[in-house]
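Q: Hi, could you walk me through this model? Please start with how surface patches are defined.
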Amino acid sequence: MTIEMQPATTLEQPVPQRVLVPRWLAWQNLRRLPLLPLLVVALFVFISIFGEWLTPRPFNEQSLRLRFLPPAWLEGGNIQYLLGTDNLGRDVLSRIIVGAQASFIVAIAALAFGSAMGSLIGLASGYFGGRLDAFIMRAADGMMSFPLVLAALLLVAVIGPGVHTVVIATSLILWARFARLIRSEVLSVRERDFVKLSRIAGSSNIRIMLVHILPNVLNSVVVLLTLQLGFVIIVEATLSFLGAGVPPPTPTWGQMVAGGRTYIETAWWISLFPGLAIAAVVLSFNLLGDWLRDHLDPKLRQL
Amino acid sequence: MLQAFVTLVLFMIILFVATRAAGDPALLILPADATPEQIQMARERIGTDRSYAEQFLFFARDMATLNFGRSIVYREPVLDLIGGRIAASLKLQFTSLVLILVTAFPLGVYAATHRGRFGDHVVRLVAALSQAAPGFWVGLVLMAIFSVKLGWLPAGGIGPGGIESWKHYVLPTITTSLLLIASLTRLLRSSMLETLDSEFVKLARAKGVSETAVIWVHVFRNALLPIMTFMAIWIGTAVSGSVVVEVVFDWPGIGAMFVDSIGTRDFPVIQAIVGLVAVSVLTANLVVDLMYAVVDPRIRLAASSP
């Protein structure tokens, strides 16, 4: 159902070697670089790696005296607890900083796994075509339309909650998205003359796929990776919120929002700030992805 | 049709394997201190003493006849338990669908026809924000503002029923539809812009077709095509979203029940809900495929000529 590109004309132009760096790092493109999203993303990566050493308070320090402290700028707030404390007297800001790591790890693992699987499957599907292709695309359609939260929860019931469950559940959807995109790109690349010439020269299928076709579709993989980052982070947070994500005591943003739910009438800050963190990071990744797509691969605008 | 059926069978096999991989259902319904004789009896009653092939046939028969067995937790037939809950979920899905249709289409068309102007920027900004904010959090924030702070709307539940309970629908409906409104608006906008750029639109304008007719007759209809391809995916997103919303707003729907039964490992309920959702998703996919042919004559013609 994806709109496929017309096969390239038979008059082969010199193959534009799509090297990432020079063209999109050119100054006229950099000029409109989304700086704020880049900063947010850089901060996110930084605290994901070094978070535990950056917290103003120990993130698991509990204090019965300091329960439900409001943010520092409100009446009764304490400057040492900038964003307030939760129902166990833990510092909300410190837990947000440490909680970034769970999102980061899940996002990296799920994307690495899902994109690698999806790209290889899409490559084979587009290259070989025929029944294999029809079957794979049917499976991908089925995977993509099945509600992810349901699949993930089912998986939790069968193999228990944890990082691995979230990663597997997310990859189940991701591979299909990558396979679909890569396959439609491969369909056009495989008709190009350099592929035919390589076949005449005696290259094996594996070599044609990996050496000649894959580099030509890598741009799309990079764009899709960036666009899916936000999606994966939301999925991780949603599963954490439903109690199906990374289990406590490791703090995650989704878990923190869920923990504040009971106290929403009095202590709204427990839920508000972790949610803001999720929204800020996801928005930044989405904006970066949009920008990257417009500069690397404008024909993907429909994604 | 055949493909949908094959997908369904494949899916049932996956569901069967998944639920059996979690352990023998006979052990799950018995207390932990059951004697071996009791276990054996339970196995014979449920049928798990037979071969897996036979078990699967029973499983498929039960699914097809809506005979889902009894809930392990509530000790009641699953069908009685989920009947009312499906109704509650569908009501919420319906109000959300209405809200999506009356907001996303005008917004998308407006943004596309006013490209680069102030209104376009506002629409795009709000859409980008709505896509980034997780649904469960949006629900909580709305609740904190409109229920707790302002006291205008109830914080949860479905209400006593009837027209007076409309207030209970407002926040869950907005939360459920927000993400889909944003996605649909953005997609409609970009898809219309692409169509506005094409040759036949220029021709229509050149021969003097009014701007209104160009937008609604030529552009809008063609811009719908890419949207239909995404509809099947959105059905899944909508179900995922409603699970979260039902949990946040204590909505007595099937999604909230699913989360509960995951917590208690109530497998008869779990497999009934997953089975029903799978069938609805597949049916919806089929309908989308058929509608696609109605909207786009090219596909209809391609399908009828071999």
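A: Happy to! Patches are built from residues with over 30% relative accessible area and no salt bridge, joining like charges within 9 Å and nonpolar side chains (Val, Leu, Ile, Met, Phe, Trp, Tyr) within 5 Å. A salt bridge is a side-chain nitrogen of Lys or Arg within 4 Å of a carboxyl oxygen of Asp or Glu. Accessible areas come from the Shrake-Rupley method with a 1.4 Å probe, and for residues only the protein chains shown count as cover. This is a predicted model, where local features need pLDDT of at least 70 and side-chain atom pairs count only at pLDDT 80 or more, while totals for chains, interfaces and linings use all residues. Side-chain values use heavy atoms, without hydrogens and water.

Q: Cool, which residues make the nonpolar surface patch?
A: A:F135 joins B:F5, B:V6, B:V9, B:L10, B:I13 and B:V17 in a patch of about 620 Å².

Q: And which helix gives the most to it?
A: That's α1 of chain B, residues 2-21, with six residues. Helices (H or I, at least four residues) and strands (E, at least two) are DSSP runs, numbered from the N terminus.

Q: Is B:F5 buried or exposed?
A: B:F5, which lies in α1 of chain B, is exposed because its relative accessible area is 52%, and exposed means over 50%, buried under 20%, partly exposed in between (1.4 Å probe, protein chains only).

Q: Switching topic: how many helices and strands are in chain B?
A: Chain B has 13 helices and zero strands. Buried residues are 45% of its 306 residues.

Q: Where is B:G208?
A: B:G208 sits in the loop between α9 (199-206) and α10 (211-248) of chain B, and counts as exposed at 58% relative accessibility.

Conventions
Residues numbered from 1 in each chain as written. Chains lettered and ligands numbered in written order.
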